[in-house]
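Me: I would like to go through a structure step by step, with the reasoning spelled out for each value.

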Amino acid sequence: MAGARPNFVKVAPLIRAIEKTDGADYQLVYAGREDDPTLEDSLFDDLQMPRPSVFLGVDSVSLNEITARVMAEFDALLTRQPVDVVIVVDDLASTMAAAIVTKKRGIRLAHLVAGTRSFDMNMPKEVNRLVIDALSDYLFTAGVKSNSVATREQGDADNTYLVGNILMDTLRYNYQRFRKPQIDVEPGKYLVFTLNRKALMADEEKLAQLLRAMVEATDGLPIIAPLRGKAYEIVESIINNLTSQTSNRKSQTSNLKSQISIHKSLSYLEFGWLTSQARGIITDSGNVAEEATFNHVPCITLNSYTEHQETVTIGSNVLVGEDPQKLREALALMVAGKWKESALPDRWDGRTAERIVSILLK
């Protein structure tokens, strides 16, 4: 079951692996509405996967209401269509709701991606992760650290499987299909900025400081910002405000509007090209940081932690929190081409989905 748009990038390889396996069948369930605007047709075309066959129709913004409504709808679905195993993806409220219903019905539960932790119980997603992992019969982990966390908490290593990072399955499968978006950039001569975290978007003063730091530290290098929904509106508003404040006096931030180019969100294949060809990436997304490590592209994460520590210890990712000065210092190294060496973590080989299906069939 998928609960949000990013989940489908991880689900697509599973569907390909299942469809190649004799005697295995599946049903793709989405927690949201069939007319969800984030599920444009190009997403499924790009990923070469079918649209969900079942939509639960839940569209609330309240996490508790989402949990309750998904539990009711998913329970009704399992009454109509019995299954042998339910696979839930990541750590959303809808994911936790489906997990609870699955176990109450005595159905086997698999969690992809298990063992990821921020160790911050003030984060709703951290609560979701703990609940889902505690209920799961199969804990499919992406890295060594998450594998050790899942094993330690479960107390039974037999339920935990280090299968690798399924996001890499999708990247490897689609890499040669990436296509350049209609943006005037040259490979290696621009940066990419993405924004996703609600907490950062809510603190507009802090976000404004970070945007100023980007402009001041990058010496005129174009910053391409493909943003979706609320993130687009907030960043556009901040840039307009900062530009008007500095238009009558000399300031490096007076170049902010011309240097940061905001674009509506791109298709998966276009975004893949843009990030793989960039000089560097500034993001608050764990998935984008993982993709940067795969592409050996320098990446700065605007957070003090990452659920996938291997992107920092082995990969191209560096954490700066929400500190403008640390961002400036990291950007100076990025622009100067003095970034650290990086490598691919274990089992980022594009065969994660095959391992998962093999384990489930046994």
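The exchange below moves from the whole chain to its two sheets and then to single residues.

Me: How many helices and strands are there in the protein chain?
Reply: The model is a predicted one, and the elements are runs assigned along the protein chain. The protein chain holds 16 helices and 12 strands.

Me: What does the globule rule give for 362 residues, and what is the radius of gyration of the protein chain?
Reply: The C-alpha trace spans about 65 × 40 × 40 Å along its principal axes, and buried residues make up 54% of the 362 residues. The globule rule gives 21 Å for a chain of 362 residues, and the computed value is close to that, so the protein chain is as compact as a globular protein of that length. The radius of gyration is 21 Å.

Me: Among contacts between residues at least 6 apart in sequence, what percentage join residues at least 24 apart?
Reply: The count concerns contacts in the protein chain, with pairs under the lower separation of 6 left out. Of the contacts that remain, the share joining residues at least 24 apart in sequence is 69%.

Me: Which strands stand at the edges of the open sheet of four strands?
Reply: This sheet is open, has the order 3-4-5-6 and pairs its strands in parallel. An edge strand has a single partner, so one side of it is left without a neighbour in the sheet. The strands that meet this description are strand 3 and strand 6 (160–162).

Me: Which residue in strand 4 stands opposite valine 86?
Reply: Strand 3 and strand 4 are paired in the parallel sense, over five bridges. In strand 4, the residue opposite valine 86 is leucine 109.

Me: What angle does the direction of helix 4 make with that of strand 3?
Reply: Helix 1 (residues 7–19) packs on the sheet, where it touches strand 3 and strand 4, and its direction makes about 140 degrees with that of strand 3. Helix 4 also packs on the sheet and touches strand 3 and strand 4. For helix 4, the angle with the direction of strand 3 is about 160 degrees.

Me: How far apart are the end C-alpha atoms of helix 4?
Reply: Helix 4 (residues 93–104) has 12 residues, and at 1.5 Å a residue these should span 16 Å. The separation found in the model agrees with that expectation. The end C-alpha atoms are 17 Å apart.

Me: How many residues of helix 4 are buried?
Reply: Helix 4 is mostly covered, and its buried residues pack against helix 3 (63–80), strand 3 (85–89), strand 4 (108–114) and helix 5 (124–135). Among the buried ones are Met96, Val101 and Thr102. Out of 12 residues, the number buried is nine.

Me: Which residue of strand 11 is the bridge partner of isoleucine 282?
Reply: An open sheet of six strands has the order 9-8-7-10-11-12, with parallel pairing, which places strand 10 between strand 7 and strand 11. Strand 10 joins strand 11 (residues 299–301) through three bridges, and on the side of strand 7 isoleucine 282 has phenylalanine 193 as its bridge partner. In strand 11, the partner of isoleucine 282 is isoleucine 300.

Me: Which residues of strand 10 point the other way from Gly280 and Ile282?
Reply: In a regular strand the side chains alternate between the two faces of the sheet. In strand 10 (residues 280–283), Gly280 and Ile282 point one way, and the residues on either side of this division are buried. Those that point the other way are Ile281 and Thr283.

Me: At about what angle to strand 11 does helix 15 run?
Reply: Helix 13 (residues 286–295) lies across strand 10, strand 11 and strand 12, at about 165 degrees to strand 10. Helix 15 (residues 324–336) lies across strand 7, strand 10 and strand 11. Its angle to strand 11 is about 170 degrees.

Me: Is threonine 311 buried or exposed?
Reply: Threonine 311 is found in helix 14 (residues 310–313), and the residues it touches include Glu290, Lys340 and Trp348. A residue counts as buried under 20% relative accessible area. Since threonine 311 has a relative accessible area of 0%, it is buried.

Me: What is the relative accessible area of tyrosine 175?
Reply: Tyrosine 175 lies in the loop between helix 7 (166–174) and strand 7, and it touches Ser276, Gln277, Phe294 and Asn295. Tyrosine 175 is partly exposed, with a relative accessible area of 32%.

Conventions: Residues are numbered from 1 along each chain as its sequence is written. This is a predicted model: local features need pLDDT of at least 70, side-chain atom pairs count only at pLDDT 80 or more; totals for chains, interfaces and linings use all residues. Side-chain values use heavy atoms; hydrogens and water are left out. Helices (H or I, at least four residues) and strands (E, at least two) are DSSP runs, numbered from the N terminus. The expected span of a helix is 1.5 Å times one less than its number of residues. Buried means under 20% relative accessible area, exposed over 50%, partly exposed in between (1.4 Å probe, protein chains only). Contact means heavy atoms within 4.5 Å. Two strands pair if DSSP finds at least two bridges between them. Axes are lines fitted to C-alpha atoms, for helices over the stretch in contact, and angles run from 0 to 180 degrees between N-to-C directions. The radius of gyration is taken over C-alpha atoms; the globule rule is 2.2 Å times the number of residues to the power 0.38. Lists of a residue's contacts leave out its neighbours within four places in sequence.
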